[in-house]
Amino acid sequence: MILGLETSCDETAAAVITDDGEILTNVVSSQADLHAKYGGVVPEVASRRHLELVTPVLREALEEAGVGLERIERIAVTQGPGLIGALLVGLSAAKALAWARRLPLAPVNHLHGHVASLYLEPDPVDPPFLCLLASGGHTLLLDVQDHGGFTILGTTLDDAAGEAFDKGARLLGLGYPGGAAIDRLAREGDPEAYEFPIARVPGLDFSFSGLKTALLYTVRELDAVELERRKADLAASYQRAIITALVERAEQAKTDRIAVVGGVAANSELRAALPDAALAPLELCTDNAAMIASAGRYVEAIPFARYLALDAYASTAA
Ligand code: KG4
Ligand code: ZN
């Protein structure tokens, strides 16, 4: 049994899975409401909230799984990348638990966690495959050859796809986080009403900042009444531009096995546009600890006590 813990952004999450990848519990406490009034995640507010939630969330996960701490054999925790203060709360809690029970600790890269959301029961997807990882913090095209890691083939040059969704939602007054709100509203709109730019940068990279600026200029031209009237069309057209950029890249990579993970993988238009892709299960797209526990099966765990000096990292950039 593996206990996973995830606190890299604004979700406090704990999960228990078996070594075979069966999920016993997957508890996610989202702080989205807390950050909504600021229009985005406030790092210091997130850290403090993680501190309040981490113990109850851990307790709930263990209770729901019906296993005591004595049955846990390994603890997996997100080490980075993410908000450093937020990460430190989870890492410290994981260290304390592991130390108290003399357990090994598996430090997990959050991105590896997203990929490992595919390795869980009941329908695990095994490498090799090409993976599109689209979240609030990242947009990556990954070459995944084995369960233990990945190679980055392409990345965003500016905003992440989820960030583009969130910034677009903010411009349309849809609140935070905006991906799901745009997804919903887009169903009532015409995706061809507006022509937003799709950046085609060289190689396998992505770019979304021009798109966001285009929406800003379009919204500026509309008065309040007109904006309200065209909102669904704007959402649908904007979403179409993001999804087209993602799908084009996935198709350009020319592989018969493409997998899609991360928060944006929950998008209904993206899911429909890639019917042959291996899509992460909906409940495992956005941040959760089951995916961290899953990745924790494939990284080398640090033996008891040696992890006490382990540090979190905010970014993977050298
Ligand atoms: O993976 P995730 O939970 O956190 C990061 O690691 O960043 O992804 C969160 C992102 C947010 O930007 C959110 O707006 C986006 O995923 N998202 C969606 C949808 N659901 C969540 N974007 C588009 N359509 C959705 N249905
Ligand atoms: Zn994530």
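**Exercise 1. Which helices each supply at least two residues of the shell around ligand 1?**

Before starting, note that this is a predicted model, in which local features need pLDDT of at least 70 and side-chain atom pairs count only at pLDDT 80 or more, while totals for chains, interfaces and linings use all residues. Residues are numbered from 1 along each chain as its sequence is written, chains are lettered from A and ligands numbered from 1 in the order in which they are written, and side-chain values use heavy atoms, with hydrogens and water left out.

Solution. Step one is to find the helices, which are DSSP runs of H or I with at least four residues, just as strands are runs of E with at least two, numbered from the N terminus. Step two is to pick out helix H4 (110-116), helix H5 (161-171) and helix H6 (179-186), each of which supplies at least two shell residues. Step three is to look at the 18 residues around ligand 1 (a residue is near if one of its heavy atoms lies within 4 Å), where Gly136, Asp166, Gly179, Asp183 and Asp287 come nearest.

**Exercise 2. Explain why ligand 1 lies between two domains.**

Solution. The domain bounds come from an automatic or database domain assignment. Domain 1 (2-119 + 285-309) and domain 2 (129-280) both give residues to the shell, so ligand 1 lies between them.

**Exercise 3. Describe the polar contacts of ligand 1 and how far the protein buries it.**

Solution. A polar contact here is a pair of N or O atoms within 3.5 Å. First, a polar side-chain atom of Asp183 lies 2.9 Å from a nitrogen atom of ligand 1, and a side-chain N or O atom of Asn267 is 3.0 Å from a nitrogen atom of the ligand. Next, Gly263 uses a backbone N or O atom, which lies 3.1 Å from an oxygen atom of ligand 1. Finally, ligand 1 taken alone exposes 550 Å², of which the protein buries 88%, with areas from the Shrake-Rupley method and a 1.4 Å probe.

**Exercise 4. Locate the cis peptide bonds that precede Pro122 and Pro177.**

Solution. The bond joining Glu121 and Pro122 is cis, with omega about 10°, and Pro122 lies in the loop between H4 and strand S6 (129-134). The bond from Tyr176 to Pro177 is also cis, with omega near -10°, and Pro177 is found in the loop between H5 and H6.

Technical notes: A polar contact is a pair of N or O atoms within 3.5 Å; within protein, one must be able to donate a hydrogen and the other to accept it, and residues adjacent in sequence count only if both atoms are side-chain atoms.
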